[in-house]
Amino acid sequence: MLPSKYKNDFERFCALNPQACPLLETIDSTTTTDADGHRRLKLISAVVAPGADILTDAPKYTVYNGHDKVEVLRADVSVPEDVQGLTGFVFGCSFSWEDKLAEAGAPPRHMVQGKNVSMYRTNIPNKVAGPFGGVLVVTMRPYRLDQIPQVIQITSQYPLAHGRPVHIGDGRAIGVDISQPPHYGDAVEVHEDEVCVFWCCGVTSTVGAISGGPEFLVTHSPGHMLVLDITNDMLLGIGDFDELRP
């Protein structure tokens with residue numbers, strides 16, 4: 001969520017980096033007044049989670065206000081008075097196909113270990129739009145070589161949830177050292193007979209937004225995604241995405 005003056009540039013950023021930032025819905029804020037007379041902005045979804053306010057309905061948020069960074073459980077009370085409007089951007093997430101991997105007998109390691117997925121910054125630059133650039137962020141899930149064709153086949157069916165892997169093998173080729181703690185999320189075990197498989201990650205949108213130096217920014221905290229009304233089958237292309245429109 002960014003001040004609305006950045007809307008066009010950030011939409012262009014998403015269009016230029018679609019695998020990392022698969023945009024499902026763009027939401028412009030409305031203004032209300034609470035019971036105490038305080039102004040409140042709302043970002044109400046009309047498509048992916050009709051009626052949900054993405055400023056309040058995710059499990060946890062990270063708020064960037066100038067040089068300050070805080071985590072909060074609702075972000076509407078954190079919007080400065082001088083921010084007249086916000087635009088929210090809702091992205092697909094790789095968590096959407098993880099149950100399909102588990103059903104196929106290839107559960108991601110972080111699910112097995114009860115952890116958050118490992119997320120790493122790479123040395124791959126994003127395509128730039130206006131002030132927004134930064135580098136690609138990836139998730140990592142280890143698999144045996146014999147599992148990888150099936151993993152690719154399953155995840156490739158979900159381009160609106162980051163799709164197929166972006167890199168397989170030694171992470172150092174993309175600037176990732178898995179011997180070091182991940183930049184976001186949790187470290188997981190990688191067995192001797194496994195290789196690392198990397199997918200684009202939606203945290204790329206946060207890194208890209210921060211690179212533009214906005215005076216205010218709200219994101220979900222890594223691993224604390226907004227749960228939508230659309231189904232995984234709709235992301236797969238089964239069903240009509242427009243059915244959720246009012």
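This report covers the two domains of a predicted model, the contact between them, and two buried residues.

## Domain layout

The protein splits into two domains. Domain 1 takes in 2–92 and 205–235. Domain 2 covers 94–203. Their centres, taken over C-alpha atoms, lie 24 Å apart. The contact draws 26 residues from domain 1 and 32 residues from domain 2.

## The interface between the domains

The size of an interface is often given as the accessible area lost when the parts come together. Here, domain 1 and domain 2 bury about 2,400 Å² between them. Carbon and sulfur atoms give 61% of that area. On the domain 1 side, Q19, V207 and L235 lose the most area to domain 2. Together these three residues make up 26% of what that side buries.

Polar contacts link the two domains: 11 residue pairs, with both residues at pLDDT 80 or more. The count of salt bridges between domain 1 and domain 2 is 0.

## The domain 1 side

Three helices each supply at least two residues to the side of domain 1 that touches domain 2. They are helix 1 (7–16), helix 5 (203–211) and helix 6 (232–236). Helix 5 gives the most to this side, with 6 residues. By class, the side of domain 1 that touches domain 2 has 13 nonpolar, 10 polar and 3 charged residues.

## W199

W199 sits in strand 11, residues 194–200. Its relative accessible area is 0%, so W199 counts as buried, the cut-off being under 20%. Beyond its neighbours within four places in sequence, W199 is in contact with W97, V137, V138, T139, R141, Y143, V151, T155, G163, R164, P165 and V166.

One of these contacts has a polar component: the side chains of W199 and T155 are joined by a polar contact of 3.3 Å. I44 is 155 residues from W199 in sequence. In space, the C-alpha atoms of W199 and I44 are 29 Å apart.

## S221

S221 lies in the loop between strand 12 (216–220) and helix 6. With a relative accessible area of 1%, S221 is buried. Setting aside neighbours within four places in sequence, S221 is in contact with K60, Y61, T62 and E71.

The side chain of S221 makes polar contacts with two side chains in that set. One is to the side chain of T62, at 2.9 Å. Another is to the side chain of E71, at 3.2 Å.

Notes
Residues numbered from 1 in each chain as written. Predicted model: local features only at pLDDT ≥ 70, side-chain atom pairs only at ≥ 80, totals over all residues. Heavy atoms only, no water. Domains from an automatic or database assignment. Contact = heavy atoms within 4.5 Å. Buried area = accessible area lost by both parts, 1.4 Å probe. Salt bridge = Lys/Arg side-chain N within 4 Å of Asp/Glu carboxyl O. Polar contact = N/O pair within 3.5 Å; in protein donor to acceptor, adjacent residues only side chain to side chain. Helix = DSSP H or I, 4+ residues; strand = E, 2+ residues; numbered from the N terminus. Nonpolar A, V, L, I, M, F, W, Y, C, P; charged D, E, K, R; others polar. Buried < 20%, exposed > 50% of the residue type's maximum accessible area, 1.4 Å probe, protein only.
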